[in-house]
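Dear colleague,

I am handing over a structure for you to look at, and I would be glad if you kept it open while you read the notes that come after it.

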Amino acid sequence: MVVIGMLLVLTGALSAAYLYTGIGDRASVVMVTRDVPVGSPIDASDVATTQVDAGQGVTLVPGRQLQQVVGRVAAVDLRKGTLLAPSQVTTALSPRTGQQVVPIALRASQLPARGLAPGDQVLVIATPGQQGESPATAAGGDQLTQDTAATVDQVSSADAEGSVRVDLVVDARVGPAIAKQASTGRLAVVVTSRGPR
């Protein structure tokens, strides 16, 4: 009985030490408490602090910066219960000065298997017609003559026909040409880098 009692005491001491060490390695970070759509200002009720393991290898917003997050804009859709990364918030709504938001429709076969998400960097490419002719010249002389960099702003759910609307943030000088090219259906996107998930 004495030996059993000593083992129980030793086990309890080791458990307490383990718990104390685990608590010491935890850090305060910012967590999303309500869904925030992309482009919406972040309210004080949308975020809070929580404790996580300090060595998880992911860059997160420290809890001490909670008040700095309030008033900023969601750069992507923020989901309740997720931890907030610095790249998921911004100080400005899109489009900024010198930019335009251009909606394009893409079929499922034109999308990557993983789909597109806000923050993804893409190239917009004019594709040839069905008989191999060069990309159509849009009315007014605007023509998408070269691959153009863009940032995915928002992505809709697929409609009844399987098409997905993608809002792209582009340089204002090429916005009209991309819109006119998109109206012909002769347009594709290539992902160059993934945004924050």
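The notes below take up a sheet and then a pocket.

This is a predicted model, in which local features need pLDDT of at least 70 and side-chain atom pairs count only at pLDDT 80 or more, while totals for chains, interfaces and linings use all residues. Residues are numbered from 1 along each chain as its sequence is written, and side-chain values use heavy atoms, with hydrogens and water left out.

Five strands (DSSP runs of E, at least two residues, numbered from the N terminus) form an open sheet in the order 5-8-7-6-9, with antiparallel pairing, where two strands pair if DSSP finds at least two bridges between them. Strand 5 (99-107) and strand 9 (187-193) each have a single partner strand, so one side of each is left without a neighbour in the sheet. Strand 5 pairs with strand 8 (residues 163-171) over 9 bridges in the antiparallel sense, and Ala105 stands opposite Arg165 in strand 8.

The largest pocket (on a 1 Å grid over the protein atoms alone, an open set of points where a 1.4 Å probe fits, with protein on both sides within 12 Å along at least five of seven lines; lining residues have an atom within 4 Å of a point) has a volume, the space filled by probe spheres set on the points, of about 420 Å³. Of its 21 lining residues, Ser94, Arg96, Thr151, Asp153 and Val169 are the closest to the centre. Strand 7 gives the largest share of the lining, 5 residues.

Best wishes

Key: Helices (H or I, at least four residues) and strands (E, at least two) are DSSP runs, numbered from the N terminus.
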